[in-house]
Structure formats: structure tokens, C-alpha cells
Amino acid sequence: MMLQAIGVTKYFPVARGFAVGRAHAWVKAVDGVSVQVGEGETLGIVGESGSGKTTLAKLFLLLERPTAGSLLFDGQAVRTFGREDFARYRRAVQAVFQDPYSSLNPRMRVEHIVSEPLMPGNGVSRAEVRERVADVLQLVGLRRDSTALYPHEFSGGQRQRIAIARALVTYPKFIILDEPVSALDVSIRAQILNLLKDLQERLGLAYIMISHDLAAARYLATRLAVMYCGKLVETGDCEAVYSEPLHPYTEALLSAALPLHPSARRQRIVLTGEVPNPTNPPAGCRFHPRCPRAMPQCRSQEPEWKEVKPGRFTTCHLY
């Protein structure tokens, strides 16, 4: 089973003044992105704020429709789905969001929060739902009898465990992790990452991890995709990308990350300028106004997406 995006594009209309129903410009949030993840893998998608990571996650969750391109689930295009196909997709693809303080309804008890994704009318009795909820709570390290409590009675780390339990209740194969530890205390982050890794090994889960936390992405991801201004700039095996980045943007991004060991030293690459306006991205390579290694053709010619080394893809005129 595999989840794929092929040439996916998402543009948002921008209206000016009092015009209604007519777009004067388009925000190019995601522009021709192709990624895939199979069972048991973790695809880490990293980049600066505004690079299109979260929009891509929303496309996978069917919270947004692509402007162009295709989403495929187990080889079938999502746009051809019938009602039963959509139900199967929503059971198989779940999400854990960034902030456990706002993603859990404070007026609902844990039992109702966790059981919410279960499809009604599928022949499952209330007793079976309760048993399933208790099972997944125990699976994420919470007490089975905590179902009657409210979110405010838990710590931040425990709330994120509740959110993970909610994602697991439908027996999914894919979970979209949108900044799953960024809102947590540093002391709790490692616990949640270890839990996610343990669940993946035990249940054969696949993750798509959206993150600006490069250390967390490195810990969990098996493959890495780097985005800049709506486009992919590099993909490859996670450790290979970290040890030998190909694209100048990836190199600069990783140079700003905390090293694995306090005594490690690396050259910091400082990028000048700002991230381009997504309504009017620069011609050629979108990174060229900030790239320390830009060449004349970078300003006018968009580089091709190519395999530079086995399993290593990038889009840069240096290759």
C-alpha cells in the first residue's frame, strides 16, 4: 500500500479591493510536487515557514483539493473515488496536529475525542468502541480508565498521546504528523518521538512528518524531502541528505540546525534576503536571489529535477 502525490499543485486565489469571485493573483503554495511513502516508511518534509509543507499535508488529508496533479492511494487516483473508497481512505490516513491544546475539544471527554474518527453505522457496538478506545489509550501509555476525563486534566505530553490515540483508533496505515512535538516542552519531545517510533515498529505504520525541527525529522524520518517556496529542491535517504546535502538551500538549512553533539562544529551559512512572495516567485530557480552559488542561468532557466546520485534527486544547475 502506498500514498503518492504526482505533480501536485495548489494555488489559492487572492482578490483585491471589493471584487468578489474574481482572482487578481494566485498564491502558489505548492507547485508541481511529487512524493510518495509506503508502509513502514517515514517521509520527512522540511523547509522554512511558507515553503508549502502544511498545504501539502492538507492535500493528503483531503482538506484541500489540488489545482493540478494527482493524489494516488494504493495505485488509485483519489479523484476517481466513490463513497466506499473515501471511507477506506479516511480510515487508512489519519493525522496528529501540532498543538494538543487546541486540537482536542475541551468540552468532550477522552472517550468521545478518541472514538470520533470511527465511522458511525458500521455495525460496531458501543461496547466494542469503548474497548477499542481503552486499547489505544493503553497503547500510547495512558490508563485505560482515563476515558471519562477531560483534556484539561492532562499535561501537554499526555494530550498529545490522546491525539495519537485518536489517530490510531481506525487502524490506519498512514499518519500525517504536522509538527507533532513543536508545541511541547523540550523534556517531553523525546518521549513522544520514541512513542511514535515504537508504534511504527509494532504496527507497521507509515508517517509523513511535516517539520521545521530538523533534529526531530532526522530522528524519525527514513527519507527526507526539502521544500522551498512551494517546490521540492531535494529528496533522498535521510542520513545521506544530512551528511552530504546537494542543493545550496539544503546546505544552508542544515547548517543552521543544532549539531548532534555539543562539541561538533560546522560552518554556518547565512542567507541574505527574504523568502520570495508566493504570489510572484522569481523566474528561473526560485532560490537564486538568496543563493551564494547562483550562476547567470539560475536567473532565467528553471533547473530540471534529476537523479544526481542513486536515490538522490535535486533541482539545481550545479549538476
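**Exercise 1. Find the volume of the largest pocket and describe its lining**.

Step 1: volume. About 370 Å³ of space lies in the largest pocket. A pocket is an open set of points on a 1 Å grid over the protein atoms alone, where a 1.4 Å probe fits, with protein on both sides within 12 Å along at least five of seven lines. The volume is the space filled by probe spheres set on the points, which are joined across faces, edges and corners.

The model is predicted: local features need pLDDT of at least 70, side-chain atom pairs pLDDT 80 or more, while totals for chains, interfaces and linings use all residues. Residues are numbered from 1 along each chain as its sequence is written, and side-chain values use heavy atoms, without hydrogens or water.

Step 2: residues. The lining has 14 residues, each with an atom within 4 Å of a point. Closest to the centre are Val93, Gln94, Ala95, Phe97 and Pro117.

Step 3: elements. Strand S6 (93–96) gives the most, three residues. Helix H2 (83–92) and H5 each supply at least two. Helices (H or I, at least four residues) and strands (E, at least two) are DSSP runs, numbered from the N terminus.

**Exercise 2. Identify which residues touch the most other members of the largest nonpolar core, and which helix gives the most**.

Step 1: residues. Val114 and Ile164 touch the most other members, out of 33 residues. Such a core joins buried (under 20% relative accessible area, 1.4 Å probe, protein chains only) Ala, Val, Leu, Ile, Met, Phe, Trp, Tyr and Cys residues through side-chain atoms within 4.5 Å.

Step 2: helix. H5 gives the most, with six residues.

Technical notes. Buried means under 20% relative accessible area, exposed over 50%, partly exposed in between (1.4 Å probe, protein chains only). Ala, Val, Leu, Ile, Met, Phe, Trp, Tyr, Cys and Pro count as nonpolar, Asp, Glu, Lys and Arg as charged, and the others, Gly among them, as polar.
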